[in-house]
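Here is a dialogue for a reader who is meeting this model for the first time. Please look over the sequence and the structure before reading on.

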Amino acid sequence: MISIRHLTKTFLNPDGSKITVLKDVNCDIEKGEVISIIGPSGTGKSTFLRALNMLEPPTSGDIIVDGENITAHGYPLDKLRRKMGMVFQSFNLFEHKTVMENIIYAPMELLHLSEEDAKVEAMELLKKVGMSQKADVYPSSLSGGQKQRVAIARSLAMHPEVILFDEPTSALDPTMVGEVLSVIRQLAKSGLTMLIVTHEMRFARDVSTRIFFMNEGVIYEDGTPEQIFEHPVHSATKAFVNRIQKLVYEIDGDEYDFLQIHTDINRFCQKYNITGKENLAYSLLKEMLFTHMRDIRPLTFRITHAELSGVTALDFMVEGMKESPLSDVARESIRPQVKELIEETTIRGYRIKFII
Ligand code: ADP
Ligand code: MG
């Protein structure tokens with residue numbers, strides 16, 4: 001359905017220097033594929049999507065869609081835009097139009113639907129994304145998650161063959177990520193061809209037929225979710241998909257800012273979508289610092305979260321210690337609260353680890 005050959009994109013900076021963002025992108029996309037594009041920021045993922053629907057015409061290379069070279073001079077871009085919808089991180093709704101007006105605008109203008117027909121269909125689409133109650137309100141009264149669901153319905157109203165999603169959940173409050181991902185999941189099952197730039201690794205693994213790992217302006221590795229996430233060939237891919245997020249504190253005497261740690265833990269759990277674990281993390285930290293390890297300083301506290309496996313751990317590390325500082329009473333108190341309690345010597349000392 002789509003063939004991309006030697007696609008490059010070079011930007012000219014205001015100072016006259018050049019930056020080549022897409023170096024040599026090649027791929028073939030079949031109808032009905034759901035492809036997640038992952039990779040570090042600044043590697044050209046957004047530029048790639050924007051080149052694909054000619055919002056950002058490529059510098060060189062060919063993009064063949066249904067047998068036609070869309071980069072050819074004079075190719076009608078409105079035809080392309082009808083085939084290819086795009087959903088942006090920042091929703092891009094018309095703020096001065098109601099939800100319904102947002103959805104019927106393009107079908108009436110470009111597909112020449114009557115207002116009546118456009119509204120009937122818009123209502124169907126709003127039901128599909130769970131927003132039919134909000135047809136007559138303005139976007140400003142909606143939450144981010146609701147806006148994004150409307151933006152998806154608006155894109156579907158043009159009956160595109162392909163939808164490009166550029167980090168559709170990145171601008172959302174963590175509590176709203178799930179509702180948008182579940183709408184996209186539902187679309188993925190419907191046979192629509194989709195390309196999704198996302199940081200949500202587990203979502204990408206579950207929903208995609210194929211993953212592109214983009215790095216330094218090329219598709220660095222391309223494979224099934226199993227290949228990319230379980231058996232990546234390149235070390236850069238491996239490092240990226242197995243990323244572990246962490247917060248680390250040296251707790252030295254009693255001069256530490258416990259409130260700050262509490263705030264940081266809350267933010268951390270929100271950011272990585274593990275809200276629900278923050279209270280346990282906080283109460284275990286308190287119990288360890290103020291009771292079981294009260295007299296042990298300095299110690300290092302670390303909270304880690306592996307996005308792909310979903311494992312969250314709390315580590316308490318003490319340098320030079322040879323055996324566990326936990327008493328039997330402490331162990332009994334903690335064990336029922338955690339998934340796993342690990343006590344182990346390390347090269348530099350001793351570590352107590354809770355998997356929560
Ligand atoms: P990603 O989506 O992977 O984070 P982008 O495609 O947004 O990456 O950007 C890749 C690089 O291209 C970045 O260094 C960015 O600053 C640069 N870039 C993107 N758009 C432009 C532009 N219009 N002019 C100049 N540089 C740009
Ligand atoms: Mg981007």
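Reading the ligand site and the salt bridges

A: An oxygen atom of ligand 1 lies 2.7 Å from a polar backbone atom of G42, which fits the idea of a polar contact: a pair of N or O atoms within 3.5 Å, where within protein one must be able to donate a hydrogen and the other to accept it, and residues adjacent in sequence count only if both atoms are side-chain atoms. This is a predicted model, in which local features need pLDDT of at least 70 and side-chain atom pairs count only at pLDDT 80 or more, while totals for chains, interfaces and linings use all residues. Residues are numbered from 1 along each chain as its sequence is written, chains are lettered from A and ligands numbered from 1 in the order in which they are written, and side-chain values use heavy atoms, with hydrogens and water left out.

Q: From which side-chain N or O atom is an oxygen atom of ligand 1 2.9 Å away?

A: That N or O atom belongs to the side chain of S46. The protein buries 62% of the 560 Å² that ligand 1 exposes when taken alone, with accessible areas from the Shrake-Rupley method and a 1.4 Å probe; for residues, only the protein chains shown count as cover.

Q: Which element gives the most residues to the shell around ligand 1?

A: A residue is near a molecule or strand if one of its heavy atoms lies within 4 Å of it, and helices (H or I, at least four residues) and strands (E, at least two) are DSSP runs, numbered from the N terminus. Here helix 1 gives the most, with three residues, and the residues around ligand 1 include F11, I19, K45 and T47.

Q: How many salt bridges are there?

A: A salt bridge is a side-chain nitrogen of Lys or Arg within 4 Å of a carboxyl oxygen of Asp or Glu, and by this rule the count comes to 19. One of them joins R5 and D28, whose closest N and O atoms are 3.0 Å apart; this pair links distant parts of the chain, from R5 in strand 1 (residues 2-12) to D28 in strand 2, 23 residues apart.

Q: In the salt bridge of D66 and K83, is K83 buried or exposed?

A: Buried means under 20% relative accessible area, exposed over 50%, and partly exposed in between (1.4 Å probe, protein chains only). K83 counts as buried at 14%, whereas D66 is partly exposed at 37%.
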